[in-house]
Amino acid sequence: MSGRNTRMAQWLDYRVRVTISDARMLVGTFMAFDKYMNVVLADCEEFRKIKSKGRKDDEKEVKRTLGFVVLRGETIVSLMAEAPPPSGPKKPDIQPGPGRGQVAGRGMPAAPLSSAPAGLSGPVRGVGGPAAIQMQPKAGGALPAPGGAPPGMPPGFPARPPGMPGMVPPGMPGMPPGMPPPGMPGMGRGMPPGMGR
């Protein structure tokens with residue numbers, strides 16, 4: 001620390017009176033300063049003198065409580081110690097513990113770590129998704145009943161028009177393997193006719 005800093009540091013925690021450039025005086029506990037001589041005061045009160053309109057000699061001092069104040073060093077004219085730091089009973093030095101952090105609650109016991117707090121345990125059964133029965137595969141054939149709606153269609157969907165035969169998509173049960181779908185001869189057996197050499 002430089003000489004000026006050590007001279008300022010000796011007044012920390014003192015009650016000081018600071019005069020600033022507009023002739024106001026601030027009294028507070030000197031908490032901190034920096035290289036620009038900015039000053040922090042706690043429990044600060046401002047005192048200023050107001051001239052009466054009638055008489056020139058009559059001045060009234062007005063006090064105002066400010067609290068925590070940061071003063072720009074550029075505005076400070078003087079800083080004087082008013083009272084030493086309070087010499088109350090000092091807090092006993094606490095020895096470091098085993099390093100275990102513990103929560104300081106507000107009278108509520110902490111929940112055991114084995115279970116999550118209410119509302120944080122995961123999704124609630126039956127909320128936000130289909131019921132378990134709807135997620136099970138359907139037993140039985142995939143073919144619709146004659147004249148019924150195709151499988152997977154919502155209720156109320158129109159059934160197959162009357163007289164139209166039920167056609168099964170390729171790879172479905174009832175189709176011989178390797179057979180092309182009806183109406184598409186030669187599919188999957190090389191080049192289409194006329195495209196050869």
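This is a short dialogue on reading a sheet, its hairpins, a surface patch and an aromatic pair in a predicted model.

Visitor: Let's start with the sheet. How many strands form it, and in what order?

Guide: In general, the strands of a sheet pair through backbone hydrogen bonds, either parallel or antiparallel. In this predicted model, five strands make an open sheet, ordered 4-3-2-1-5, with antiparallel pairing. Strand 4 (59–71) and strand 5 (76–83) are at the edges with a single partner strand each, so one side of each has no neighbour in the sheet. From one strand to the next, the twist averages 30°.

Visitor: How many bridges join strand 1 to strand 2?

Guide: Five bridges link strand 1 (residues 15–20) with strand 2 (residues 25–33), and the two run antiparallel. To find the register, look for Arg17, which sits opposite Val27 of strand 2. Four residues lie between these strands in their hairpin, and there Ala23 has a positive phi near 75°.

Visitor: And strand 2 with strand 3? Which residue in that turn has a positive phi?

Guide: That one is Met37, with a phi of about 70°, in a hairpin that has five residues between strand 2 and strand 3. Strand 3 covers residues 39–51 and pairs with strand 2 over seven bridges, again in the antiparallel sense. Here you can set the register by Ala32, opposite Val40 in strand 3.

Visitor: Moving out towards the edge, how many bridges pair strand 3 and strand 4?

Guide: Eleven, antiparallel as well. Lys49 faces Glu61 of strand 4 across that pairing.

Visitor: What should I keep in mind about side chains along a strand?

Guide: In a regular strand they alternate between the two faces of the sheet. For a case to look at on the surface, try Val70, which lies in strand 4.

Visitor: Is Val70 buried or exposed?

Guide: Exposed, because its relative accessible area is 58%, and the cut-off for that word is over 50%. Together with Met31 and Phe68, Val70 makes a nonpolar surface patch of about 340 Å².

Visitor: Last one: how do I read the rings of Trp11 and Tyr14?

Guide: An aromatic pair is described by the distance of the centres and the angle of the planes. The count here is two aromatic pairs. For Trp11 and Tyr14, the ring centres are 5.1 Å apart and the planes stand at 85°, so this pair is edge-to-face. Trp11 is partly exposed, at 30% relative accessible area, and Tyr14 is partly exposed too, at 22%.

Technical notes. Residues numbered from 1 in each chain as written. Predicted model: local features only at pLDDT ≥ 70, side-chain atom pairs only at ≥ 80, totals over all residues. Heavy atoms only, no water. Pairing = 2+ DSSP bridges. Axes fitted to C-alpha atoms, helices over the stretch in contact; angles between N-to-C directions. Patch = residues over 30% accessible without salt bridge, like charges linked within 9 Å, V, L, I, M, F, W, Y side chains within 5 Å. Areas by Shrake-Rupley, 256 points an atom, 1.4 Å probe, with all protein chains shown as cover. Salt bridge = Lys/Arg side-chain N within 4 Å of Asp/Glu carboxyl O. Buried < 20%, exposed > 50% of the residue type's maximum accessible area, 1.4 Å probe, protein only. Phe/Tyr/Trp six-rings, centres within 6.5 Å; stacked < 30°, edge-to-face > 60°.
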